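Trainee: I am new to this structure and would like to learn how to read it. Please show it to me, and I will ask about one feature at a time.

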Amino acid sequence: MNKKSIRAGFIGSGFAAKFHYDALQRVFSTKVELVGAWSPTREKLEAFTSPRGLKAFDDMDELIAQCDLLHICTPPVTHEPIVVKALQQNKHVVVEKPFTGYFGDGTPGFNGDTFPKEQGLAAAMESIQRMLDAEKQSKGVIMYAENWVYAPAVQKQRELLEKTGAQILWMHGEQSHSGSHSLTYGQWKFSGGGSMIGKGCHPLAAAIYFKHVEGKARHGKAIRPVSITARTHAITRMPTFKNEGYLRTTYQDTEDLAMMHLVFEDGTVASLFAGELVLGGVHNWIEVNTTNHRTICHINPNTAMQSYTPSQSHFDNVYVVEKTETKQGWSYISPDEGWFAGYQHEMENFYRAAAYGEAVESDSRLAADVIATIYAGYVSAERKGAETAITVF
Ligand SMILES: NC(=O)c1ccc[n+]([C@@H]2O[C@H](COP(=O)([O-])OP(=O)(O)OC[C@H]3O[C@@H](n4cnc5c(N)ncnc54)[C@H](O)[C@@H]3O)[C@@H](O)[C@H]2O)c1
């Protein structure tokens with residue numbers, strides 16, 4: 001097979017850029033030509049580019065001009081302007097989660113705890129619309145880097161839904177851990193919210209995706225979410241919180257726990273949790289209860305490999321699994337974390353789409369549904385869980 005070449009660049013050079021780079025080493029269908037990377041701090045940019053033999057660009061526009069596809073691995077507040085800029089030049093964009101959001105009014109006094117959440121919902125909807133409009137006017141395509149969609153367990157469940165014709169009745173799921181590494185996370189003006197958007201976007205995307213898949217399989221049309229009941233809490237900011245040093249605690253004006261209950265247009269439901277209060281590593285799972293089967297997708301941890309050591313000193317040089325506090329005792333070692341997370345699978349789909357025009361499984365429509373749902377969720381949380389309508393695109 002004559003592989004087509006795609007010229008790709010990274011905007012952002014932190015954590016996400018690194019796992020995008022690793023995943024690109026496993027793209028088989030397409031010849032990936034890595035043009036280079038750009039991010040605002042030269043020193044940090046070079047720490048990413050030098051060991052990988054990539055060119056460090058001085059200018060984002062110059063990088064965009066030389067690429068067919070850009071990886072947007074920057075803080076959420078920057079996603080919309082960078083995505084629109086690249087689409088305007090007819091480039092494809094792989095944009096990290098969350099797709100976009102509301103990041104305040106720019107005033108120094110802006111506070112994520114207290115601003116009117118209807119305002120956030122309206123602004124987030126406008127941001128989504130601008131991105132969708134830019135995509136419509138572009139030869140480029142938005143590829144939403146929601147790796148949960150591509151996690152092998154989620155894709156296998158997709159097959160079950162398509163082949164069994166089942167109706168999903170109730171899903172429940174979670175993404176939690178002990179706190180994000182990113183210092184901008186925890187300030188609404190950079191992250192657009194707390195656990196509900198930062199972590200909740202993952203199980204939410206999977207739940208919405210499964211109902212899209214079910215609807216298309218049974219009736220040729222996605223089943224969309226129509227309302228949400230949500231609660232948010234800032235547990236580590238409570239005066240009564242007992243800090244024993246294991247959880248991150250520096251959230252300024254965002255929640256560290258969120259509960260979301262979704263209702264879909266056929267009356268079926270999903271109950272999802274997201275939080276920063278969970279020890280023992282990343283807890284990523286979703287259970288799907290249907291009319292003819294029940295599935296539990298254990299994205300992390302899973303029992304593909306379990307290993308015991310009486311002293312963690314033996315594992316000093318061993319990467320075990322993301323975010324566990326200790327390696328002593330039993331560990332759920334992930335033999336290939338990126339594979340279970342779906343990172344290489346999302347890149348394979350995106351590059352096939354860019355090179356050969358294949359459909360994008362995690363597309364802008366899914367991204368739009370997820371963000372519209374989350375900001376309706378913030379309105380609900382402000383009203384202490386009142387059921388709130390979701391406007392889909
Ligand atoms: N899918 C996943 O599993 C996953 C995991 C982690 C992060 N993410 C997402 O990836 C994105 C980046 O997160 P990260 O963890 O890599 O953060 P990071 O802090 O490690 O890196 C952010 C990068 O963006 C650059 N940057 C900062 N401000 C910028 C600006 N104004 N314009 C352009 N670039 C700018 C920084 O220089 C840095 O290179 C976020 O949207 C985050 O939610 C996704």
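Trainee: Which residue does Q175 stand opposite in β9?

Mentor: Keep in mind that this is a predicted model. In β9, the residue opposite Q175 is A274. That pair belongs to a longer match: β6 and β9 are joined in the parallel sense over seven bridges.

Trainee: What is the order of the strands in the sheet?

Mentor: The sheet is open and has seven strands, in the order β11-β10-β6-β9-β8-β7-β14, with mixed pairing. β11 (294-300) and β14 (388-389) are at the edges, and each has a single partner strand, so one side of each has no neighbour in the sheet.

Trainee: How many bridges join β6 to β10, and in which sense do the two strands run?

Mentor: Strand β6 (residues 168-176) and strand β10 (residues 283-290) run antiparallel and are joined by eight bridges. To find your place there, take H172, whose bridge partner in β10 is E287. So that you can set the two cases side by side: β6 pairs with β9 in the parallel sense, while β6 and β10 run antiparallel.

Trainee: What should I look at in β8?

Mentor: Begin with its cover. Six of the eight residues of β8 are buried, which leaves the strand mostly covered. Next, look at the pairing. Strand β7 (residues 225-233) and strand β8 (residues 257-264) are antiparallel, with eight bridges. β8 also pairs in the antiparallel sense with strand β9 (residues 269-275), over seven bridges.

Trainee: Which residues are the bridge partners of M259?

Mentor: R231 has M259 as its bridge partner in β8, and M259 in turn has F273 as its partner in β9. Beside this, A230 is matched with M260 of β8. As a general idea, side chains in a regular strand alternate between the two faces of the sheet.

Trainee: Where is there a positive phi in the hairpin of β8 and β9?

Mentor: At G267, where phi is near 85°. This hairpin has four residues between its strands.

Trainee: Let me turn to a helix. Which residues of α2 are buried?

Mentor: In helix α2 (residues 42-49), the buried residues are L45, F48 and T49. Looking down the axis of α2, you find them within an arc of 90°, so they line one face of the helix. Among the elements that cover these buried residues are α1 and β2 (31-38).

Trainee: How is the protein divided into domains?

Mentor: The domain assignment gives domain 1 (5-145) and domain 2 (148-389). Their C-alpha centres are 21 Å apart. As for the contact between them, 46 residues of domain 1 touch 39 residues of domain 2.

Trainee: Which element gives the most to the side of domain 1 that touches domain 2?

Mentor: That is α5, with 10 residues. The elements that each supply at least two residues to this side are α1 (15-24), β4 (92-96), α5 (117-136) and β5 (142-145). By residue type, the side consists of 29 nonpolar, nine polar and eight charged residues.

Trainee: Last, the ligand. Which residues come nearest to it?

Mentor: There are 19 residues around the ligand, and G12, G14, F15, A16 and E96 come nearest. The shell is made up of seven nonpolar, nine polar and three charged residues.

Notes: Residues numbered from 1 in each chain as written. Predicted model: local features only at pLDDT ≥ 70, side-chain atom pairs only at ≥ 80, totals over all residues. Near = placed C-beta within 6 Å. Nonpolar A, V, L, I, M, F, W, Y, C, P; charged D, E, K, R; others polar. Domains from an automatic or database assignment. Contact = placed C-beta atoms within 7 Å. Buried ≥ 20, exposed ≤ 12 C-beta atoms within 10 Å, placed from the backbone. Arc of directions from axis to C-beta. Pairing = 2+ DSSP bridges.
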